[in-house]
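I opened a fresh page today to go through this model piece by piece. Here are my entries, in the order I looked things up.

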Amino acid sequence: MSFILKQPSVLPGFALTLGFTLFYLGVIVLIPLSGLFVKTSTLPWEQFWGITTTPRAIASYQLTFGASFVGAIINGLFGSIIAWVLVRYQFPGRSAIDALVDLPFALPTAVSGITLAAIYSSNGWIGRFLEPLGIKVAFTPLGILVALTFIGLPFVVRTVQPVLQDLDKEVEEAAATLGANRWQTFRAVIVPELWPALLTGIAMAFARSVGEYGSVIFIAGNMPLKSEITPLLIMTKLEQYDYAGATALGVVMLVVSFVLALAINLLQWWSSTRHMNQ
Amino acid sequence: MNAVTIIADKDLQWKESLTTESVFVRRSLIAAAFLYLTLFLFIPLAAVFAEALKGGILAYVGSFLNEDALAAIRLTLLVASVVVPLNALFGVAAAWVIAKFDFVGKQILITLIDMPLAVSPVISGLIYVLLFGLQGWFGPWLADHDIKILFALPGIVLATIFVTVPFVVRELIPLMQSQGREEEEAAITLGASGWQMFTRVTLPNIKWSLLYGVILCNARAMGEFGAVSVVSGHIRGLTNTMPLHVEILYNEYNAVSAFAVASLLTLLAVVTLAVKAIVERKAHFPTIVADPISNVQTGSIR
């Protein structure tokens with residue numbers, strides 16, 4: 001047979017562990033996820049289209065994707081600065097900060113939600129200084145942006161940081177000895193190296209933000225057409241026993257998530273092939 | 001100090017000056033990073049505890065000493081005690097097959113394992129409602145046989161397993177891939193049984209990453225909100241986990257109690273990050289001594 005399904009190996013347990021893995025994934029992930037698509041396929045196309053294109057649904061997409069995008073870009077900028085500072089500079093508290101960067105990832109979303117709402121409300125630690133300036137954060141779309149920026153924070157830092165660590169200083173030295181100033185070296189030598197990782201990090205932050213629920217709902221205000229994100233709209237439909245509506249919107253979100261996951265995989269592949277070519 | 005070291009020092013300083021920024025740029029960048037982290041990290045972290053202790057230490061402790069809070073804590077511990085061992089077992093099995101064997105479809109398997117990370121928590125709950133709800137695939141059959149999955153413990157456990165499936169396995173795969181297969185192959189060729197090989201070679205090699213994976217999985221299992229919120233039904237004292245209890249207290253304007261329970265979950269997150277930092281330091285060992293000779297040496301010491 002010219003087509004080999006598995007390379008021979010002396011190691012034991014292949015059939016057992018593969019069997020268990022497939023069974024577990026099948027029961028926990030595959031069957032439930034496919035159920036969503038099967039359920040949707042029972043909906044007539046007109047009904048599916050009708051549910052997913054109501055003004056309320058479209059307003060929620062615009063808000064969810066818009067706020068996620070802006071949040072991801074903000075994290076792209078500040079995440080790169082944080083990664084740079086953590087890798088290149090020595091300062092007190094560096095390793096503690098390095099560990100704390102993952103906090104938004106480890107903190108339960110409900111905790112982030114109520115905390116951000118408390119800080120940015122009109123008598124909160126930050127909100128009270130913004131209120132006199134006429135800036136309202138809590139219970140407005142701006143609050144959603146704050147929450148999504150918070151939860152996206154670790155992604156850019158954690159994708160850019162390892163690339164910066166592996167960056168060969170000799171290339172920068174060469175650029176400098178050839179007469180480039182620091183800014184030119186940064187633009188022509190460092191940025192091209194960081195670019196794939198930076199895009200990957202931004203895409204990951206965006207993907208995480210699009211589906212986020214817990215940290216947003218407490219600070220959002222949740223007004224239909226104004227400050228209602230798509231996951232909340234799905235939740236509302238579920239609470240009204242509108243399973244068809246929840247399922248249709250769920251499929252839209254799921255397809256978007258899959259496309260984003262695919263894009264992230266491609267970016268990572270691009271990033272790793274660039275790395276290998278050196 | 002002789003002339004050679006002075007020249008070497010100067011040389012080093014000159015080289016470093018080429019690849020770093022001016023003091024002004026350095027300080028500005030550090031300041032920008034600090035400002036951003038203060039707004040989005042330090043202030044929220046401090047605010048959880050400040051809000052929790054607003055009513056004094058008695059009100060803080062009192063937030064835990066009531067039926068509903070204790071029931072929520074018990075349920076959260078129960079869910080984690082079922083979910084974490086299952087996902088740890090799955091993580092070791094899946095990482096073993098992915099890291100140590102070459103087979104067709106491996107990439108698809110990895111993508112499938114990562115899938116729950118890409119899915120919105122609300123959808124992670126929704127899929128179980130569609131399966132086990134009254135209008136779902138198994139709903140009518142379950143109702144006939146009086147088995148409750150949705151709005152009960154099994155539903156919460158299933159949704160939590162779904163959300164936390166990737167955490168252990170993702171910690172293990174890169175480590176086990178980098179460690180290669182030689183040690184296990186040697187154990188087997190020297191006559192070890194599969195179980196002996198696993199407990200004496202594989203497990204000692206992966207224990208630190210496994211520990212971190214388990215702790216991360218535990219933190220996520222205890223803290224999951226969206227998915228559990230969909231499947232739990234919010235029945236007080238029965239199907240309320242700690243995050244759901246936080247939500248209820250907050251919506252009842254009982255901020256002190258909400259933040260008190262939240263502060264427990266925050267401590268859990270901080271401990272998780274501390275363990276991560278320790279494990280990362282420990283994990284440098286196996287990667288540095290990855291050359292065959294020192295492996296033999298450490299092996300004989302064991």
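**Entry 1: a cut-off first, then an arginine**

I call a residue buried under 20% relative accessible area, exposed over 50%, and partly exposed in between. One reminder to myself: this is a predicted model.

With that cut-off in hand I looked up Arg158(A), which comes out at 23% relative accessibility and therefore counts as partly exposed. I then asked which residue forms a salt bridge with Arg158(A) at 3.0 Å between the closest N and O atoms. I found Asp98(A) there. Asp98(A) sits in helix 4 (residues 94-100) of chain A and Arg158(A) in helix 8 (residues 141-166) of chain A, so this pair ties together parts 60 residues apart in sequence. Asp98(A) has a relative accessible area of 24%, so I noted it as partly exposed.

Arg158(A) also forms a salt bridge with Asp102(A), where the closest N and O atoms are 3.2 Å apart. I placed Asp102(A) in the loop between helix 4 and helix 5 of chain A, 56 residues from Arg158(A), so that pair too links distant parts of the chain. Is Asp102(A) buried or exposed? Its relative accessible area is 8%, so I wrote it down as buried.

**Entry 2: more salt bridges**

Next I followed Arg182(A). Its side chain meets that of Glu172(A) in a salt bridge, at 3.0 Å from N to O. Arg182(A) belongs to helix 10 (residues 182-211) of chain A and Glu172(A) to helix 9 (residues 169-177) of chain A, ten residues apart. I found both Arg182(A) and Glu172(A) buried. Going back to Arg158(A), I saw that salt bridges with shared partners join Asp98(A), Asp102(A), Arg158(A), Lys276(B) and Glu280(B) into one network. Over all chains, I get 16 salt bridges by this rule.

**Entry 3: where the chains meet**

How many salt bridges does the rule find across the interface of chain B and chain A? I count two. Arg182(A) turns up again here, forming a salt bridge with Glu21(B), with the closest N and O atoms 2.7 Å apart. I also noted twelve residue pairs in polar contact between the two chains, both residues being at pLDDT 80 or more. Helix 2 (residues 23-52) of chain B gives the largest share of the side of chain B that touches chain A, with 20 residues. That side of chain B divides into 68 nonpolar, eleven polar and twelve charged residues.

I then looked at the contact as a whole, which takes 91 residues from chain B and 92 residues from chain A. The area buried between the two chains is about 8200 Å², and carbon and sulfur atoms give 81% of it. In chain B, the residues that lose the most area to chain A are Thr19(B), Tyr36(B) and Phe40(B), together 9% of what that side buries.

**Entry 4: inside chain B**

I counted 15 helices and zero strands in chain B. Of its 302 residues, 50% count as buried. Among contacts in chain B with a separation of 6 or more, 71% come from residues 24 or more positions apart.

I picked Ala72(B), in helix 4 (residues 67-100) of chain B, for a closer look. Ala72(B) counts as buried because its relative accessibility is 1%. Setting aside neighbours within four places in sequence, I found Ala72(B) in contact with Asn240(B), Thr241(B), Met242(B) and His245(B).

**Entry 5: a threonine and a helix pair in chain A**

Thr52(A) is in helix 2 (residues 45-52) of chain A. With 5% relative accessibility, Thr52(A) counts as buried. I saw its side chain reach the backbone oxygen of Phe48(A) at 2.8 Å. Beyond its neighbours within four places in sequence, Thr52(A) is in contact with residues including Ala57(A) and Tyr61(A).

I then turned to helix 3 (residues 55-88) of chain A, which packs against helix 12 (residues 230-239) of chain A at an angle of about 145°, with the axes 8 Å apart. Ala57(A) and Tyr61(A) are among the helix 3 residues that make this contact, and Pro231(A) and Leu233(A) are among those from helix 12. I sorted the residues of this contact into four nonpolar, four polar and one charged.

Definitions and conventions: Residues are numbered from 1 along each chain as its sequence is written. Chains are lettered from A and ligands numbered from 1 in the order in which they are written. This is a predicted model: local features need pLDDT of at least 70, side-chain atom pairs count only at pLDDT 80 or more; totals for chains, interfaces and linings use all residues. Side-chain values use heavy atoms; hydrogens and water are left out. Contact means heavy atoms within 4.5 Å. Buried area is the accessible area (1.4 Å probe) that two parts lose on being put together, summed over both. A salt bridge is a side-chain nitrogen of Lys or Arg within 4 Å of a carboxyl oxygen of Asp or Glu. A polar contact is a pair of N or O atoms within 3.5 Å; within protein, one must be able to donate a hydrogen and the other to accept it, and residues adjacent in sequence count only if both atoms are side-chain atoms. Helices (H or I, at least four residues) and strands (E, at least two) are DSSP runs, numbered from the N terminus. Ala, Val, Leu, Ile, Met, Phe, Trp, Tyr, Cys and Pro count as nonpolar, Asp, Glu, Lys and Arg as charged, and the others, Gly among them, as polar. Axes are lines fitted to C-alpha atoms, for helices over the stretch in contact, and angles run from 0 to 180 degrees between N-to-C directions. Buried means under 20% relative accessible area, exposed over 50%, partly exposed in between (1.4 Å probe, protein chains only).
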